[in-house]
Amino acid sequence: MGEEAAGVRPELVREAEVSLLECKVCFERFGHRQQRRPRNLPCGHVVCLACVAALAHPRSLALECPFCRRACRACDTSDCLPVLHLLELLGSTLHASQAALSAAACAPGVLTCQHAFGGWGTLVNPTGLALCPKTGRVVVVHDGKRRVKIFDSGGGGAHQFGEKGDAAHDVKYPLDVAVTNDCHVVVTDAGDRSLKVFDFFGQIKLVVGKQFSLPWGVEITPQNLALVTDAEAGTLHLLEVDFPEGVLRRIERLQAQLCNPRGVAVSWLTGAIAILEHPWPLGTAGDNTRVKVFNSTMQLIGQVDSFGLNLLFPSKITISAVAFDHQGNVIVADTSGPAIICLGKPEEFPALKPMVTHGLSRPVALVFTKENSLLVLDTASHTIKIFKVMEGNGG
């Protein structure tokens with residue numbers, strides 16, 4: 001009632017909070033108190049006062065805009081009055097929205113964030129997330145100097161590899177990552193349109209090139225086969241690889257005429273395969289998304305798109321990642337919420353149940369641990385966030 005009375009739609013409130021009301025350097029929300037006050041740089045970009053102080057040289061107070069690199073001094077900055085006024089205008093509405101999210105978080109089955117690791121510098125614009133099934137270590141691909149970062153199960157940095165470069169074995173522009181049952185790391189590389197296989201210590205084992213137009217999503221089946229989507233060709237491929245020897249044994253096209261397929265997931269319970277499609281052509285601004293689920297013999301058993309979900313859900317949904325939980329339910333990440341949502345089993349689509357309703361900025365990848373914790377890769381905060389069921393919940 002508070003949001004309707006204020007004349008502000010809930011999805012616009014959330015978009016304003018994420019897009020306008022947080023500092024894009026530290027990702028903290030702007031506020032009226034000193035350290036979080038929004039400050040205009042002479043170039044027009046806005047950061048919080050704490051980041052101005054952190055970026056400025058301690059003696060000369062000189063700094064560069066972190067976005068356009070224009071030089072200025074800390075004393076050249078000024079309060080960003082439009083953002084301060086927007087904070088006042090949306091204050092009561094945002095508090096009402098946050099109260100509603102907090103109430104939702106107390107619902108049975110909703111997950112809460114227990115731990116986060118990574119952060120800017122450790123990770124740079126990460127795009128893909130995977131778990132090693134044997135060791136429980138977390139593997140992330142990102143835009144750092146070394147493209148593949150491996151953390152231990154507690155979030156400590158283990159090691160990294162995959163140099164940025166022009167050599168055939170270098171990783172140029174990684175999109176997704178998976179880890180095989182025998183601990184090999186498989187990366188889709190949009191830079192040279194290839195699939196690259198490394199051992200867990202970073203030694204290159206295999207480069208599969210000339211087979212794909214734009215390889216995007218990658219997943220490993222229980223049989224240790226690799227599933228790869230080709231966003232440009234509109235296809236799904238199955239690869240049989242001798243990973244220790246680095247030999248491609250067979251490649252098979254499982255599905256064609258898909259519409260810009262990106263994410264792919266497989267259920268270890270049922271063998272079902274979920275594919276995330278983006279029906280708008282590559283490079284356009286459309287944000288419609290669609291999830292198709294096939295059984296183990298590649299028969300379509302369920303599908304749902306963001307238009308249909310928007311008819312059932314009170315706010316806009318834009319799906320950015322798909323996964324299966326241990327019960328065979330399809331789980332998706334929503335960047336419009338932002339949220340994590342359970343769609344239910346493919347035969348029941350869509351049985352919507354929010355799982356995570358706050359604590360995210362831009363979730364782009366999901367994976368469940370053996371202990372049924374949910375790991376979410378949040379590219380806006382450059383972190384991996386671990387969500388678990390609240391104590392006392394039966395979900």
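**Strand pairing, aromatic contacts and loop residues**

N224 is found in the loop that runs between strand β15 (215-220) and strand β16 (226-230). In this predicted model, N224 has a relative accessible area of 15% and is therefore classed as buried, the limit being under 20%. A polar atom of the N224 side chain lies 2.7 Å from the backbone nitrogen of N181. When neighbours within four places in sequence are left aside, the residues in contact with N224 are T180, N181, D182 and F243. N181 thus appears both in the list of contacts of N224 and, through its backbone nitrogen, opposite a polar side-chain atom of that residue.

The chain as a whole comprises 395 residues, of which 51% count as buried. Its secondary structure amounts to five helices and 29 strands. Among contacts between residues at least 6 apart in sequence, 44% join residues at least 24 apart.

Strands of a sheet pair through backbone hydrogen bonds, in either a parallel or an antiparallel arrangement. An open sheet of four strands is formed in the order β11-β12-β13-β14, and the pairing is antiparallel. Strands β11 (174-179) and β14 (204-208) form the edges, each pairing on one side only. On average, and with direction ignored, neighbouring strands of this sheet are turned by 20° against each other. Within the sheet, β12 (residues 185-189) and β13 are paired in the antiparallel sense over five bridges. V186 has V197, in β13, as its bridge partner.

A further antiparallel pairing is found between β9 (residues 146-151) and β10, which are joined by five bridges. In this pairing, I150 stands opposite H159 of β10. The two strands form a hairpin with five residues between them, and in this hairpin G155 takes a positive phi near 100°.

Two aromatic pairs are present in the structure. In one of them, the ring centres of F161 and F198 are 5.3 Å apart and the planes meet at 50°, so this pair is classed as tilted. The two phenylalanines come from distant parts of the chain: F161 belongs to strand β10 (residues 157-163) and F198 to strand β13 (residues 194-198), with their positions 37 residues apart in the numbering. The pair therefore links β10, a strand of the hairpin with β9, to β13, a strand of the open four-stranded sheet. Both F161 and F198 are buried. An arginine is also placed against an aromatic ring: R262 lies over the face of W216, at 4.4 Å from the ring centre.

C26 is located in the loop between helix α2 (10-19) and strand β1 (38-40). Its relative accessibility is 27%, so C26 counts as partly exposed, whereas N224, also a loop residue, is buried at 15%. Leaving aside neighbours within four places in sequence, C26 is in contact with R36, C48 and C51. Two further cysteines, C48 and C51, are thus included in the contacts of C26. The C-alpha atoms of C26 and V47 are 8.6 Å apart in space, while the two residues are 21 residues apart in sequence.

Notes:
Residues are numbered from 1 along each chain as its sequence is written. This is a predicted model: local features need pLDDT of at least 70, side-chain atom pairs count only at pLDDT 80 or more; totals for chains, interfaces and linings use all residues. Side-chain values use heavy atoms; hydrogens and water are left out. Rings of Phe, Tyr and Trp (its six-membered ring) pair if their centres lie within 6.5 Å; planes under 30 degrees apart count as stacked, over 60 as edge-to-face and the rest as tilted. Buried means under 20% relative accessible area, exposed over 50%, partly exposed in between (1.4 Å probe, protein chains only). A charge sits over a ring if NZ of Lys or CZ of Arg is within 6 Å of the ring centre and within 35 degrees of the ring normal. Two strands pair if DSSP finds at least two bridges between them. Axes are lines fitted to C-alpha atoms, for helices over the stretch in contact, and angles run from 0 to 180 degrees between N-to-C directions. A polar contact is a pair of N or O atoms within 3.5 Å; within protein, one must be able to donate a hydrogen and the other to accept it, and residues adjacent in sequence count only if both atoms are side-chain atoms. Contact means heavy atoms within 4.5 Å.
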